[in-house]
Amino acid sequence: MSEWTLIEQVTLGVFAVMWLYQLYFWMRYILAAVRRTKTRADSKENSAEQRRELNSREPGVSVIVCAKNELANLRDYMQALLTQDYPEYEVIIVNDGSVDDTRTYLEYWQKRYKNLKLTFVPVGAKVTSTKKLAITLGAKAAQYDYLLLTDADCRPESKHWISEMMAGFGSQESSAEQCREPNSRETKDIVLGFGAYFVKPTLLNRMIQFDTLLNGLQYLGLAVCGHPYMGVGRNLAYSKRLFFEHGGFVGLLDNKAGDDDLFVNREATKDNTAVVCTRESLTWSVPKTSLGDWLHQKRRHLSVAPKYKTSTKFRLALEPLTRGLLYAAAIVLVVLGCQQGAVSGQWSVISLLPMLIALGAMLVRWIWQCVLLSIAASRWGTTKTVLLIPVWEIWLPLLTLVMMLIEPLRPKQKRW
């Protein structure tokens, strides 16, 4: 201890506090979500007759899909929506001002499936967010009491997607019981699901996979622990009563984005929100293939973060802040240890102990990250990014910080 400088002692203290908070965050929130990522073998647990009996007790649901020039994706994924193993549901496609052949294609499918309903947003509608208008029109056209949202470029993981998500509302006991927070059998108004991205063999896709996986585990884990703050429009459900009694998107219309996360941030509570994250409840989306497109997508998401509740902003800021200080303290301890040894020519264990403690603690942290993220990635079928974890968790927060600092300087464009 006598060989340690004051700077080393203070830095080691900072490192220890940051490391302990990171341990708390991962073991409380991330682990809470990972525990609920269990898969289910349908053929083993439920026969076809048992599933039909369970489904017969489910309420009807309206699946709402907003489509803007999405002809190619509708051709690929719409049949998966229309052939779900669920007794009573409709699919409402809202044509959001498409100028391709979307309308003709949808009218053809409407003749084949009676549970397909069509509505539209007029071309050139002068509103800030045509998607919020599209969802509102879809909700008005819905005949059922529950709304299940996804995007036109999304494919359900299985034919039981609707059944799994609807189980979150607490109307039946199913395998999703073990993938929801305690007391989830009570009737809920919001159900949060996970929206994954298709796996591609590129470095950009690996970064997207890590970012999506970690963000998903974070918002699902916080919801499980009683702090819901966001959802994703690729896989989100809520009651029609909640939507209309609380004014829909009133108060959120000045944001082009936020039809999912801002709505959930405003309406979700620990009592009215459930989490469903079985493999069969996932949806898969087409990922961005260029860095510029992905940055634009991420910027739109970050643009609504300042409108989160204050408690949410505090929780979301604390994790990357402690992570950054943890890495900074570790780097300082390594540099000081190497510098002291090089100057004195003596590499005693005591003098190098702060550096060794930092390196050992970072190794332990990396191991628990590898274990938790690998379990979730395996159960959900997404990409494992074990070796690149240190790269992504340093690069992505820095990128986010830069984008958030630049965002207020961007000229605001209004649509009237």
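Biologist: In S3, which residue is the bridge partner of Asp 96?

Modeller: This is a predicted model, in which local features need pLDDT of at least 70, side-chain atom pairs count only at pLDDT 80 or more, and totals for chains, interfaces and linings use all residues. Residues are numbered from 1 along each chain as its sequence is written, and side-chain values use heavy atoms, without hydrogens and water. Strand S2 (residues 89-96) and strand S3 (residues 116-121) run parallel and are joined by 6 bridges; strands (E, at least two residues) and helices (H or I, at least four) are DSSP runs numbered from the N terminus. The partner of Asp 96 in S3 is Val 121.

Biologist: Is the β-α-β crossover from S2 to S3 right-handed or left-handed?

Modeller: From S2 the chain passes through helix H5 (residues 102-110) and then enters S3. A crossover is right-handed if, with the strands pointing away from the viewer, the path from the first strand over the helix to the second runs clockwise. This crossover is right-handed.

Biologist: With which residue does Lys 117 form a salt bridge?

Modeller: A salt bridge needs a side-chain nitrogen of Lys or Arg within 4 Å of a carboxyl oxygen of Asp or Glu. For Lys 117, the closest N and O atoms are 3.3 Å apart, and the partner is Glu 90. Lys 117 lies in S3 and its partner in S2, so the pair ties together parts 27 residues apart in sequence. The residue asked for is Glu 90.

Biologist: Is Glu 90 buried or exposed?

Modeller: Residues are buried under 20% relative accessible area, exposed over 50%, and partly exposed in between (1.4 Å probe, protein chains only). Lys 117 has 26%, so it is partly exposed. Glu 90 has 3%, so it is buried.

Biologist: How many residues apart in sequence are the parts that Glu 157 and Arg 279 tie together?

Modeller: The closest N and O atoms of this salt bridge are 3.3 Å apart. Glu 157 lies in the loop between S5 and helix H7 (161-167), and Arg 279 in the loop between strand S9 (273-275) and S10, so the distance in sequence is 122 residues.

Biologist: In which helix does Asp 211 lie?

Modeller: Asp 211 forms a salt bridge with Lys 298, with the closest N and O atoms 3.0 Å apart. Lys 298 is in helix H11 (residues 291-302), 87 residues away, while Asp 211 is in helix H8.

Biologist: Which strands stand at the edges of the open sheet S5-S10-S7?

Modeller: This sheet has 3 strands with mixed pairing; two strands pair if DSSP finds at least two bridges between them. An edge strand has a single partner strand, so one side of it is left without a neighbour in the sheet. The edge strands are S5 (154-156) and S7 (195-197).

Biologist: Which helix gives the largest share of the nonpolar patch?

Modeller: Leu 6, Val 10, Val 14, Leu 321 and Leu 325 form this surface patch, with about 450 Å² of accessible area together (Shrake-Rupley method, 1.4 Å probe, only the protein chains shown counting as cover). Helix H1 (6-34) and helix H12 (310-344) each give two or more residues. Patch residues have over 30% relative accessible area and no salt bridge, with nonpolar side chains (Val, Leu, Ile, Met, Phe, Trp, Tyr) joined within 5 Å and like charges within 9 Å. The largest share, 3 residues, comes from H1.
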